[in-house]
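User: I am new to this structure and would like a close look at a single part of it. Could you take me through the sheet and the helices that lie against it, step by step?

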Amino acid sequence: MTHRVRAAAFVALLTLAAAGCAKSEDDKQAGAQDTAGQQQVAQTPAGNVPTCTIDKFGAHKFDLKSGVVGFSQSEKEANPFRIAETASIKSEAKKLGIANLKTTNGQSQFNKQISDVQQLIAQGAQALVIAPLNSDGWEPVLQQAAAKHIPIITVDRQINATACKDYVTFIGSDFYTQGKRAADQMIKALGGKGKVAILLGASGNNVTTDRTNGFKDELKQKAPGIQITFQQTGDFAREKGQQVTEQLIQSNPDVGGLYAENDEMALGAVTALKGAGKKAGQIKIVSVDGTRNAVSQIPGGWISAVIESNPRFGPLAFQTLTNFLNGEAIPQKVIISDREYDASNAKQSVSSAY
Amino acid sequence: MTESMTATAAVTEAAAGPTGRERAFGLIQRHGAAAVLVLLVAIGSFAFDRFPTGANLGNIAITSSFLAMVALGMTFVIITGGIDLSVGSVFALGGVLAAYAVRWGSLAALLLPLAVCGAFGLVQGLLIARVRLAPFIVTLAGLLGARGLLLSISNEGATTYLIPRGAVIARVGQGSLFGVGYPVYLTLALFVVGAVLLQRTRFGQSVYAIGGSEDAAELMGVPLTRTKVAVYVMSGLLAGLAGALNAARLSSGVTILGTGMELDVIAAVVIGGTLLTGGAGSVSGTVAGVLLLGVIQNLINQIGDLSSSYQQVVSGAFLAAVVVVQTYLSRVQRLR
């Protein structure tokens, strides 16, 4: 009996601690939300792509407010993109009065994310929003979800499966186009000729592949005068970006442009350039993400342009889910329109960066 | 001092079987993790009605089974006083190789990863036992090497090979009996074999003796090289097998798996009562250690709203507490 009492006390403590954490996070979100007015806007008009309805998919109708919704985040909320993404989902759920939003975090371990989502299903989730760490390997989850007719919306990365059958829809950016737009900015910054280096994202990641291919294809097509003379992975991390850039300055002193596949690596590169005594704008940096830290480097000239990858999925994801549950036809793929920041607009719009 | 003591313990064990005191000592060491596990499961069942469901427990079991297979090999390695840091990469490599080889049939999808990962263990074992290099460095090189090999097979990770749904190996990875996945049964069987091997055979005695004191073991005529090479081969084989089965479950050779997994595996083994310094430990303790990690993770998710950084703080604190309790228990026992 005493064990039970003790156990209860222990659990109470844990829950208190959890509630405390949750509260402090909510406060932070509210702050972020105020300044971050820039919601995602869907790019594709619903008519052009195949659509999905609740009848076609075969899910059960339920009331979003009283139902259980699971959100599975892939990586720790340790970088601006993930922080903004999770905050956006949570605050939108709160706004809509969804009482039972369960969130998990895969901590960058794919097997953990799979097990997280399976656990959400076991906990009675009636709809799932997933930010997948990887596009392949979702078989066990898809099978379980299919058996229980649970609709899945994937955000920011796709799952390699059939839309409206294995999952309902995908909401996210077009990474290939992001690469192309980065190339356009690079061409503008370099005047169409010169040598360019690439700080690649993490290997084995389709974001890396798409952002690289988009960039290279666009350069090949529009600016044959630009050569790519150096490319190495910076693992999407700031320190690694700095380290690789330091090597780059030593080994390829004639490089005029640097394409970083995310903002963190670009910021690392800026630090490296400063450390090597370079001046702002001596090497033109173009990156993808649109974090506030990176955008605020544009007016000073350290970064030439930033292509946005908007992480605020909450409103669009829940709007899509609501429409789906109401029986409306929703597109099987929702591509969001990303903005871009350069010298012409960075100062005015830095406040809406995340 | 302690080293020679455990060595003597191993010798007596070899000669006359465990005495009552040694049995109690071992029992308490094993009990650290098991007791906390029972406690946590009780609390979990009490606090969350979605915790003790068959679906949830089955989920913990299947997720833990792959970690457990790898941890089984690691238990042997650590008892010899070694360490194998390559298991995470080898696990991922095994998965990619299985998905790559499935084009030649399910048997190939099983044998290729076993062959390559076993060979990986063999080379590491030879470097450690023959050339007498430090296990830490050799297997750290193995960690990088296996990851590199994986990336070269998968075009820098750009290609993910898929295992078709109908393949026999996919059915083994995904199928279940009484709501529990096949891999769980296989893991249990492997642990029974592992326990017999460690507790009831000459090989097992050699493993303990080497970890207790290498010099003493050599004087006793324990086959040093052979035993050491064998444990690293075992570790490679089990990591490869776990990787292949995991790939079968996921239907694809996911390239981003296994980073940092070696630390989870080592943590599970150590929590299970195996001494990092070698010479003492058990496979049953490892089971408890692995399950403990799985249950902690599951309970954190049950709470539901813990931010990701706090999740790590909580699981770190849990682990620290378990190890402290365990160390305290075993120290008290030794002082007596």
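Analyst: In this predicted model, a good place to begin is helix α7 of chain A, residues 206-222, which lies across β7, β8, β9 and β10 of chain A and runs at about 170° to β7(A). Those strands belong to an open sheet of 6 strands in chain A, whose order is β8-β7-β9-β10-β11-β14 and whose pairing is mixed. The edges of the sheet are formed by β8(A), residues 226-233, and β14(A), residues 340-342, each of which pairs on one side only. From one strand to the next, the twist averages 15°.

A second helix, α6 of chain A (residues 175-190), also packs on the sheet, where α6(A) touches β7, β8, β9 (257-260), β10 (284-289), β11 (305-308) and β14 of chain A. The direction of α6(A) makes about 160° with that of β10(A).

Looking closer at one edge of the sheet, strand β7(A), which covers residues 194-200, is joined to β8(A) by 7 bridges, and the two strands run parallel. Within this part of the chain, Lys195(A) stands opposite Gln227(A), a residue of β8(A).

For a view of helices packing on each other, one can turn to α4(A), residues 110-122, and α5(A), residues 139-147, whose axes come within 9 Å and cross at roughly 10°. Because of that angle, α4(A) is roughly parallel to α5(A). The residues of this contact divide into 6 nonpolar and 2 polar, with no charged ones.

Notes. Residues are numbered from 1 along each chain as its sequence is written. Chains are lettered from A and ligands numbered from 1 in the order in which they are written. This is a predicted model: local features need pLDDT of at least 70, side-chain atom pairs count only at pLDDT 80 or more; totals for chains, interfaces and linings use all residues. Axes are lines fitted to C-alpha atoms, for helices over the stretch in contact, and angles run from 0 to 180 degrees between N-to-C directions. Helices (H or I, at least four residues) and strands (E, at least two) are DSSP runs, numbered from the N terminus. Angles under 35 degrees count as roughly parallel, over 145 as roughly antiparallel, 65 to 115 as roughly perpendicular and the rest as oblique. Ala, Val, Leu, Ile, Met, Phe, Trp, Tyr, Cys and Pro count as nonpolar, Asp, Glu, Lys and Arg as charged, and the others, Gly among them, as polar. Two strands pair if DSSP finds at least two bridges between them. Two residues are in contact if their C-beta atoms, placed from the backbone, lie within 7 Å.
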